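Reader: I should like to learn how to read the features of a structural model in a systematic way. Could we work through one example together?

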Amino acid sequence: MDQIRLRVRDAISSNTEGLNQSGIARQVSMTQDALSRSLSGQRNFSAGELAALAKTLKVSLQWLITGDPRADANNSDGPPYVRGSLDRVAETVAFPAGAYREVALTTPAVPVPPTELTPEEAATQVASQLSRASLQPFMQDLPAAIENAFGIGVFVVAEGPAFDARAMVAGEVTYVVVRGTGAWYQANLVLARELGELVGGRQPEIGHRGRRRNQWSREFAYALLLPAETVLSIDWNKQSPRDLAAFLWERGVSAKALAHRLDALGIQRGPALVHADEGTLQLLVWHNPACLSHDRARAYRSPRIPFDLFSAHLKGMREGRVDGTSLAWMLDTPLTEL
């Protein structure tokens, strides 16, 4: 938090609008006393305050929280926090890093296996870890399984720019952010892909990541949720639509993901899958109408934050160390309701 405080000071002194501390405090809905005490180290900035400061001072929230300058080789003019093009997704998923720092929480790093491991081999190792950390098959609650196995956080957020999921490493904090969706079978796959980014040691510096995904991480995700041994053990030509629906539900994947996996393994799809390629939800509901009310189907619909972070912020609110702004953002709830 000391480094964040220094970057806020730097941004204030460098702002081009000529704002003084009093004017800045008004614009970010802080009292002048609160801003002064935060700058002097007597209180911590909330993640929400940092977001407001970034907007007012026209700097990167990502830079305020992590110090990543995101320098653009083609644009070396200006201070580090305004160089280059903004990665709005990185801005959104950097927010939880501030929430961790606000209550002085850290997470372990995800262990990286030997580089010579294939995605299939790495997925087998990780599946074993996830299974040991879960009371049920890990794909039935993949966010909880990842948290239990590796100690990192998994967030589901309902706001910000369009993205599916993003892993984040910021100092001593590692976590994954997934965009809220009702399609839990799709969310499982992108969450597994982001776990692959961490496991493979391929997670790039935040702010520099574009839409292209690492092929290793994609293959890891498919191997984790659809192990080759499991897929090869089934005669897909004999699968009925009901059998297919049961399999998709059990593995927590979409028909499209299964089709991709079969193609990659050189397996013929079979008639049931050919007709269900783009209709996972329709297929599941047709054969299991109760699936929509199941906890698994609601896993990614509502905002989600790690329990330890949630507890730390509640405790901080009771003790007056945090004001609830970050918790309100993470829960997508008005601050007044907290």
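**Reading the sheet and its surroundings**

Author: Let us begin with a single bridge: in β3, G153 has Y175 as its bridge partner. Please keep in mind that this is a predicted model.

Reader: Which strands form the sheet, and in what order?

Author: The sheet is open and has three strands, in the order β1-β3-β2, with mixed pairing. From one strand to the next, the twist averages 25 degrees.

Reader: Why is one side of β1 and of β2 left without a neighbour in the sheet?

Author: Each of these strands, β1 (153-157) and β2 (165-170), stands at an edge and has a single partner strand, so one of its sides has no neighbour in the sheet.

Reader: In what sense does β1 pair with β3, and over how many bridges?

Author: The pairing of β1 with β3 (residues 173-179) is parallel and extends over five bridges. Within β3, V177 is the residue opposite F155.

Reader: How many bridges join β2 to β3, and do these strands run parallel or antiparallel?

Author: β2 and β3 run antiparallel and are joined by six bridges. M168 stands opposite Y175 of β3. Y175 is also the bridge partner of G153. The strands β2 and β3 form a hairpin with two residues between them, and G171 in the turn has a positive phi of about 65 degrees.

Reader: How should one think about the side chains along a strand, and how many residues of β3 are buried?

Author: As a general idea, the side chains of a regular strand alternate between the two faces of the sheet. In this structure, β3 is largely enclosed by the rest of the structure, because six of its seven residues are buried.

Reader: Which helix lies across β1, β2 and β3?

Author: That is helix α7 (residues 95-102), which runs at about 135 degrees to β3.

Reader: Let us turn to the loop between α7 and α8 (119-132), where T107 lies. Is T107 buried or exposed?

Author: T107 has a relative accessible area of 11%, which is under the 20% limit, so T107 counts as buried. Its side chain reaches the backbone nitrogen of T174 at 2.7 Å. Beyond neighbours within four places in sequence, the contacts of T107 are Y100, G151, I152, E172, V173 and T174.

Reader: What is notable about the phi of A104?

Author: A104 has a positive phi, about 60 degrees, although it is not a glycine. A104 also lies in the loop between α7 and α8, and A104 is exposed, with a relative accessible area of 67%.

Reader: Where is K58, and what is its phi?

Author: K58 is in the loop between α4 and α5 (61-66). The phi of K58 is near 60 degrees, a positive value in a residue other than glycine. With a relative accessibility of 54%, K58 is exposed.

Reader: In which helix is A54, and which residues does A54 touch?

Author: A54 is in helix α4 (residues 47-57), and A54 is buried, with a relative accessible area of 5%. Leaving out residues up to four places away in sequence, A54 touches V59, S60, L61 and L64. The C-alpha atoms of A54 and V8 are 8.6 Å apart, while the two residues are 46 apart in sequence.

Reader: How many aromatic pairs does a search of the whole structure find?

Author: The search finds seven. In one of them, W184 and Y185, the ring centres are 5.0 Å apart and the planes are at 70 degrees, so the pair is edge-to-face. W184 and Y185 are both buried.

Reader: Why is the pair W216 and F220 stacked?

Author: The planes of W216 and F220 are at 10 degrees and their ring centres are 5.8 Å apart, so the pair is stacked. Both residues lie in helix α11 (residues 215-225), four residues apart, about one turn of the helix. W216 is buried, with a relative accessible area of 12%, and F220 is buried at 0%.

Reader: Which residues form an aromatic cluster, and which charged end sits over the ring of W249?

Author: Y100, F155 and Y175 form one aromatic cluster. The charged end of R296 sits over the ring of W249, at 4.0 Å from the ring centre.

Note on methods: Residues are numbered from 1 along each chain as its sequence is written. This is a predicted model: local features need pLDDT of at least 70, side-chain atom pairs count only at pLDDT 80 or more; totals for chains, interfaces and linings use all residues. Side-chain values use heavy atoms; hydrogens and water are left out. Two strands pair if DSSP finds at least two bridges between them. Axes are lines fitted to C-alpha atoms, for helices over the stretch in contact, and angles run from 0 to 180 degrees between N-to-C directions. Contact means heavy atoms within 4.5 Å. Buried means under 20% relative accessible area, exposed over 50%, partly exposed in between (1.4 Å probe, protein chains only). A polar contact is a pair of N or O atoms within 3.5 Å; within protein, one must be able to donate a hydrogen and the other to accept it, and residues adjacent in sequence count only if both atoms are side-chain atoms. Rings of Phe, Tyr and Trp (its six-membered ring) pair if their centres lie within 6.5 Å; planes under 30 degrees apart count as stacked, over 60 as edge-to-face and the rest as tilted. A charge sits over a ring if NZ of Lys or CZ of Arg is within 6 Å of the ring centre and within 35 degrees of the ring normal.
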